[in-house]
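Biologist: Before I rely on words such as pocket, cavity or buried, I would like to hear how each of them is earned. Could we go through them one at a time?

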Amino acid sequence: MKTKLFLFISLFMGLVLASCNDDDDYNISTDPILGEGSVVTGSADVTATTATLHGTVKGLGEVAPSSYSVGFNYGYTQDNLKENVTGSLDGENITASIAGLPDGTTLYYQAFVTLQKRVTYLGEVKSLVTTDTKVTTSKAEGVSFNGARLGLSASGAPADAAFGVVISPDGDEEAVHAGLVIPFADASTLATDVKGLVPNTTYYYAGYADIGSGIVYGEVMSFKTSEYDFDVENDLVDLGLSVKWARFNVGASKENETGGRFGYGDVSGVRNSIDVADYASDNIYKTVSDMANSAWGGKVTLPTADEFEELFNSCTKEWAEVDGVGGYRLTGPNGNSIFLPAAGSRTMNAVSGNGVEGRYATGSINPSDSGFAVAYRFSTGGSSRTTTPLYEALSVRPVSTARNVRFDKNLLFKTWVIDYNEGECKVFNGPVWFYGTDDSWRTASNGEPVVGDSWLWDADKTNTWAFGNCTGYMTINADGTITVKNQDGEEQTGTYTLDEAAKTITATVDLLAPDNFVSPMVENRKNGIKILSLTDEKAQFGYYRDSEPATLSVNMIPSGK
């Protein structure tokens, strides 16, 4: 222990003194550079007489190469790794090669890192077999928004070899080799349909042959799933509850498909690590780690445990099978229903409970232990909220309050005034509301749970500092002209351009706004003003404010109303 402590102090002293400034101000750290799990033994590329060994190490990024050595111990029995070979380090990847090996021989190997020639850290012991077996990864076929057909070709493999693919969200070769294992059911057909993937995502994969005493991999290839045009009218079901529920799971295309299984915050659905550092560590609703939101274009989010309890407590439940898939049929107070498959869960590469238990993700971390997430489970025996390790991959059934409000440009063509007259508002709570910079028609009109700066403060009429003088009017004509009379009494006529897809309007004159909206006017004339909502009776026009970034909504009603 004293030797290790001295080593860490002396090593860090050398590093820090070598980089200190002219004033000789420096701090000494006695934290260990490496620890348990820092060194990982990886895969091996083999021929009949050679082996290229792979491994990884985390923590040497700031350490001088002269302070450590890397390589592999190896031998012909698992408990006698007497030989070693020096390796090279590229980033975090350790590589070394051994030649002159006997054909068809099993070799055991173990990555190592030695610091200052004194302290050695070891990875686990793995095995390989020298062989002429060759695997060629095939190009992905039939790529859709939730799957692809992946395969391989092989030569020189023994008759009892098993085949499959490994798949990963990361492109590093070792990450792929350690990725989710998908074995082929039939060795006579060296391909399989991989399902449960998410739209618009790049996946990396490689074919493999398991020849009993070792695994031979093909080259790493990649494909990207197609986009999915989520339809809030047809893909969400109104059960008469506080939220709408998606018709099927993420990774599925219909209700009886199990879909993907997702670790907490894993937006790919194929991560199989049991290291909690590879997963989210806080609540993930409407964040980049929200698996539902990420998969379906910001129109949905993960449900809460409360929403699951509302679903199971307020609906009629019936255990049923849909095309051979077991699960619950839940019928809401309004008569509409959804089906939740009992897809079980996955830890690393092993699926358990499929067909007898449902385990569904929420977006909540366990407040008393951040190594676990809040989930919801059900079986024929009942249902309840529960907690699961972050790495346990669960089903995802999104929820949303999203709508699909049609944008009708003809509703713009009238004279508008700010909804504030003699200290009173007729329609809105206040004449000016404050939204986030990423708010738009999608959030204000459609209620989509987009990721980003999205919030609302509906300032009321008492906050006069927020809007100032609100007199004037604005006439928008169907012929592309616009007339604005602002608070100074001057009437200006110009032209405008309407972007119906983006729901923005850009004009050659300043649109109507309170008199204290001077600062954002030039910016908004250039980039367009967001139309946040529009009906025959009211409209919201969103100006970007750069001083304290926000979208300032001027809430208007037709003149004379």
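Biologist: How do the residues of the lining of the largest cavity divide into nonpolar, polar and charged?

Modeller: Bearing in mind that this is a predicted model, the lining of the largest cavity divides into 6 nonpolar, 2 polar and 2 charged residues. The residues in question are Ile505, Thr506, Ala507, Val509, Asp510, Leu511, Met521, Asn524, Arg525 and Ile529, and the elements that give two or more of them are β35 (504-507) and α6 (521-527).

Biologist: What makes Asp510 and Arg525 the charged members of that list, and what makes Thr506 and Asn524 polar?

Modeller: Asp, Glu, Lys and Arg count as charged, so Asp510 and Arg525 fall into that class, whereas Thr and Asn belong to the others, which count as polar, and therefore Thr506 and Asn524 are placed there.

Biologist: What makes a space a cavity, and how many of 30 Å³ or more does the structure hold?

Modeller: A space is called a cavity because a 1.4 Å probe fits there but cannot get out, and the structure holds 2 cavities of 30 Å³ or more. About 50 Å³ of space lies in the largest cavity, and about 40 Å³ lies in the second largest cavity.

Biologist: Which residues line the second largest cavity, and how do they divide by class?

Modeller: Its lining is formed by Phe262, Gly263, Tyr264, Met291, Ala361, Thr362, Ala373, Thr388, Pro389, Leu390, Glu392 and Leu394, with β25 (358-365) and β27 (382-389) as the elements that give two or more residues. Of these lining residues, 8 are nonpolar, 3 are polar and 1 is charged; Gly263 is among the polar ones because Gly is grouped with the others rather than with the nonpolar residues.

Biologist: Turning to the open spaces, what volume does the largest pocket have, and which residues are closest to its centre?

Modeller: The largest pocket holds about 1400 Å³ of space, and 45 residues line it, of which Val40, Lys126, Glu174, Ala178 and Gly179 are the closest to its centre. The elements that each supply at least two residues of this lining include β1 (39-46), β9 (126-129), α2 (173-177) and β15 (202-210), and β1 gives the most, with 5 residues. By class, the lining of the largest pocket comprises 18 nonpolar, 16 polar and 11 charged residues.

Biologist: What is the volume of the second largest pocket, and what surrounds it?

Modeller: The second largest pocket has a volume of about 420 Å³ and a lining of 24 residues, with Leu180, Ile182, Lys195, Gly259 and Arg261 nearest its centre. The elements that give two or more residues to this lining are β13 and β14 (191-195). In terms of class, that lining has 10 nonpolar, 9 polar and 5 charged residues.

Biologist: Why is Thr189 called partly exposed?

Modeller: Partly exposed lies between under 20% for buried and over 50% for exposed, and Thr189, at 37% relative accessibility, therefore counts as partly exposed. Thr189 lies in the loop between β13 and β14, and, leaving aside residues up to four places away in sequence, Thr189 touches Arg149 and Phe184.

Biologist: Why does Asn354 count as partly exposed?

Modeller: Asn354 has 48% relative accessibility, and because exposed requires over 50%, the residue counts as partly exposed. Asn354 is in the loop between β24 (350-352) and β25, where, not counting residues up to four places away in sequence, Asn354 touches Thr258, Arg261, Ala342, Ala343 and Gly344. Arg261 is also one of the residues nearest the centre of the second largest pocket.

Biologist: For the chain as a whole, how many helices and strands are there, and how do you know that the chain is more spread out than a compact globule?

Modeller: The chain has 6 helices and 38 strands. The globule rule gives 24 Å for 561 residues, and the radius of gyration is 31 Å, well over that value, so the chain is more spread out than a compact globule. Taken along the principal axes, the C-alpha atoms fill a box of roughly 95 × 75 × 45 Å.

Biologist: What share of the residues counts as buried, and what share of the contacts comes from residues 24 or more positions apart?

Modeller: Of the 561 residues, 48% count as buried, a class that means under 20% relative accessible area. Among contacts in the chain with a separation of 6 or more, 60% are between residues 24 or more positions apart.

Terms used: Residues numbered from 1 in each chain as written. Predicted model: local features only at pLDDT ≥ 70, side-chain atom pairs only at ≥ 80, totals over all residues. Heavy atoms only, no water. 1 Å grid on protein atoms, 1.4 Å probe; cavity = no way out; pocket = protein on both sides within 12 Å on 5 of 7 lines; lining within 4 Å. Points joined across faces, edges and corners; volume = space filled by probe spheres on them. Helix = DSSP H or I, 4+ residues; strand = E, 2+ residues; numbered from the N terminus. Buried < 20%, exposed > 50% of the residue type's maximum accessible area, 1.4 Å probe, protein only. Contact = heavy atoms within 4.5 Å. Rg over C-alpha atoms; globule rule 2.2 N^0.38 Å.
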